[in-house]
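Me: I'd like a close look at one part of this protein: how the charged side chains pair up. Could you start there and then take me through whatever surrounds those pairs?

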Amino acid sequence: MAQDSAPWSGRILYVDLSTGETRHLPTHPYAEDYLGGRGFAARLAWDLLPPGVKAFDAENHLFLMPGVMVGTPAPSSGRTSVCGLSPQAYPHEWFTRSNFGGHWGAALRYAGYDGLIVTGRAPGPVWLHIEDDQVSLRSADGLWGRGLVETQRLLGADLPDDTRVLAIGPAGENLCRYAILATGTENAAGQGGFGAVMGSKNLKAIAVRGTRGVPVANPQEALRRAREVVEGILRIRGRGGASANATEDHSGSRRSPCGHNCPRYCGGFYVDVAGGVRTDRTYTGQLHCCSPIFVAKNGWMGTDYGFRAGFEIAQTCNDLGINHWEIIFGLVPWIMRCQERGLLHTLDGLRLDMQDPACLLGIIEQIAHRQGVGAVFAEGVPRAAEILGVGQEVVEELYPGFGQASHWDGHGNFPTPYFPFWLVTSLQWALDTRDPLGGGHDYTTNIFRLVDLLAPQAGDPEVRRRILGVGERLYGSADAVDPLSGYESKAVPAAMHQDGNALKDCLGICDSVFPMLTDRHADDLLCSVAGVDGPRLEHYVFAPLSHREVDVDSFYRVGTRVFTLERLIGARNWGRSRRDDEVLIPYLSHPERVASPYLGHVVDLDPARFRALLDECYALRGWDRATGQPSAETLERLGLSDL
């Protein structure tokens, strides 16, 4: 393949902060097998991250890889994968990933790069400036200690308007293990703690401006297909996601997309909201993903801060560079459950009252600056409980594994989905290196939400027939979606969507849109756009971008290859095995949070049957059932035998 073959620019920028050296790595050795984004990062990590390196070591590499479709006409193609050794991961600081939206990834591709790798440690605070071929490191002494929003504003004041800035806040500078890196007001790589990796490298920000564009093989056809798919997205998914309706506390708001080229409005943007705690201040920003929970009444946190105080907390987290998810689903419920057991009402003389927004706001600021109780809480709840010797049993209730709190697993502080649907998402948890649902809502968005929506019609035989038909068509078994089934046929959707998640991260497309599998308005409940079945829409959009033909099976096999390669990295560097996969069985053995309306009662985990599901997943993947490691035959089939 030619090095400049569309849709690749042909080069990856490599920056060593220790020496100030910059150079280019060629894209073409990886393009066909890994496409871009998360795939590029995994393949390069195999070469660049030997065993023994820690997250805060200068030798850790931070991979910032826009998906291959970022910057093209492809709809909702604004995602950039951030990969490296994770300080949040527990008990091993192993290789994993996060991603973010916005326009930074497109700017990097417009500058002529398919990705950016940063390694080393600068002798003092710096920011990286990229404008096409011009790459320079500049002093960040005047930016260090400032918030994310102010950092972007100060840099933007002296740069062209179309420059995009990715930055960290004080939490990243002070090595909070769940610090974010972000662009704009809400486009953050939340999970993983990669903001702290930037902080450990003394890298405050990366400003990018590109003037070139991304090569596309057939622009007219790419644009035509993009328009068709956008029409399908709006018809099936709708325009809106998170609400930005006026509240009694604030009347000015609008909904907005969270990424480049996305037709949906998943975030609510609010301007000049008066603080609920610091009433002399105003806050501007978005509520997106889990952050609306801060303003909810008696929501998942069990708090009622009101809109103004909740919005203030959310925007303070953003500006300081702290991951919302760890606060909402980890820290706050952990403290509250400890207090139910008579523990942690005070710590170091500080009253821990999670019903008081001023108390939580103060703790968040201490975390960002590693002051007082914040020095311990900045370690993340699993490590904090270990340091304090308090609440380890509560950690087991809230954290499935790998240092990240519950998400779409029916337990912890995230009550959905109900049985048997959490079997699929739990299998995804078991085999991954992090919370798999941050970019892998495939099954929950397409299957669980559809079946839950139809629950009031559960007694209608025709409705049940249509639901079961979805399982037969998508997964080869009605049991894969049947709310009355049990452990049967759950391994197939788990493996399929885990691989599909990896592929999405290689392409750089939005998890709230793709894959488009179901359509509640269709007679058969299945998605079809422009005569193309939902499971093939990613290939339909990608094909006109590329100068080479990619058959459908080879295209979707990329996800399997990338996920398997990540398993190899884990096995080589940390001895990843079946033992690690079974770490969440004690967590799942706690009662599920919500009873299925189809069953009318909660269902406890059967550990033996769950282990049998793991056996099925290994068999589907061609991994050894005893060790959980890929076989030589599987590596050969996926083109990984040289590794």
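Reply: Sure, let's begin with Arg 225 and Glu 221, whose side chains meet in a salt bridge, 2.8 Å from N to O. Keep in mind that this is a predicted model. Both residues lie in helix α7 (residues 219–236), 4 residues apart, which is about one turn of the helix. Are these two buried or exposed? With the cut-off for buried at under 20% relative accessible area, Arg 225 counts as buried because its value is 18%, and Glu 221 is buried too because its value is 19%. As background, side chains of opposite charge can pair when their charged atoms come close.

By the rule that a side-chain nitrogen of Lys or Arg sits within 4 Å of a carboxyl oxygen of Asp or Glu, the count comes to 38 salt bridges. Here's one that reaches across the sequence: Asp 432 meets Arg 97 at 2.6 Å, N to O. Asp 432 lies in the loop between α14 and α15 while Arg 97 is in strand β5, so the pair ties together parts that are 335 residues apart in sequence. Asp 432 has a relative accessible area of 2%, so it is buried; Arg 97 also counts as buried, at 4%.

Arg 97 takes us to a sheet, since its strand is β5. Six strands, in the order β2-β1-β6-β3-β4-β5, form an open sheet with mixed pairing. The edge strands are β2 (21–26) and β5 (95–100), each of which pairs on one side only. From one strand to the next, the twist averages 20°. Helix α2 (residues 37–48) packs on this sheet, touching β1 (11–16), β2, β3, β4, β5 and β6 (116–119), and its direction makes about 150° with that of β3. Inside the sheet, β3 (residues 62–66) and β4 (residues 80–85) run antiparallel and are joined by 4 bridges. Phe 63 has Cys 83, in β4, as its bridge partner.

Just along from there, the loop between β4 and β5 holds Pro 91. A cis peptide bond joins Tyr 90 and Pro 91, with omega about 5°. There is also a cis bond between Ala 6 and Pro 7, again with omega about 5°, and Pro 7 is found in the segment before β1. For context, most peptide bonds are trans.

Now back to the other end of the Asp 432 link, the loop between α14 and α15. Gly 439 is found in that loop as well, with α15 spanning 442–453. Gly 439 is buried because its relative accessible area is 12%. Beyond its neighbours within four places in sequence, Gly 439 is in contact with Asn 501, Lys 504 and Asp 511.

Which other salt bridge links distant parts of the chain? Try Arg 621 and Asp 499, whose side chains meet at 2.8 Å, N to O. Arg 621 is in helix α22 (residues 607–621) and Asp 499 is in helix α17, 122 residues apart. Both Arg 621 and Asp 499 are buried.

Helix α17 (residues 491–507) also carries Val 492, and here the picture turns from charge to a nonpolar surface. Val 492, Met 496 and Leu 620 form a nonpolar patch on the surface, with about 230 Å² of accessible area together. Val 492 counts as partly exposed because its relative accessibility is 30%.

Finally, charged residues can link up in a group: Glu 93, Arg 177, Arg 370 and Glu 379 are joined in a network of salt bridges.

To pull the pairs together: Arg 225 and Glu 221 sit within helix α7, Asp 432 and Arg 97 tie a loop to strand β5, and Arg 621 and Asp 499 link helix α22 to helix α17.

Key. Residues are numbered from 1 along each chain as its sequence is written. This is a predicted model: local features need pLDDT of at least 70, side-chain atom pairs count only at pLDDT 80 or more; totals for chains, interfaces and linings use all residues. Side-chain values use heavy atoms; hydrogens and water are left out. Patches are made of residues with over 30% relative accessible area and no salt bridge: like charges are joined within 9 Å, nonpolar side chains (Val, Leu, Ile, Met, Phe, Trp, Tyr) within 5 Å. Accessible areas come from the Shrake-Rupley method with a 1.4 Å probe; for residues, only the protein chains shown count as cover. Helices (H or I, at least four residues) and strands (E, at least two) are DSSP runs, numbered from the N terminus. Buried means under 20% relative accessible area, exposed over 50%, partly exposed in between (1.4 Å probe, protein chains only). Two strands pair if DSSP finds at least two bridges between them. Axes are lines fitted to C-alpha atoms, for helices over the stretch in contact, and angles run from 0 to 180 degrees between N-to-C directions. Contact means heavy atoms within 4.5 Å.
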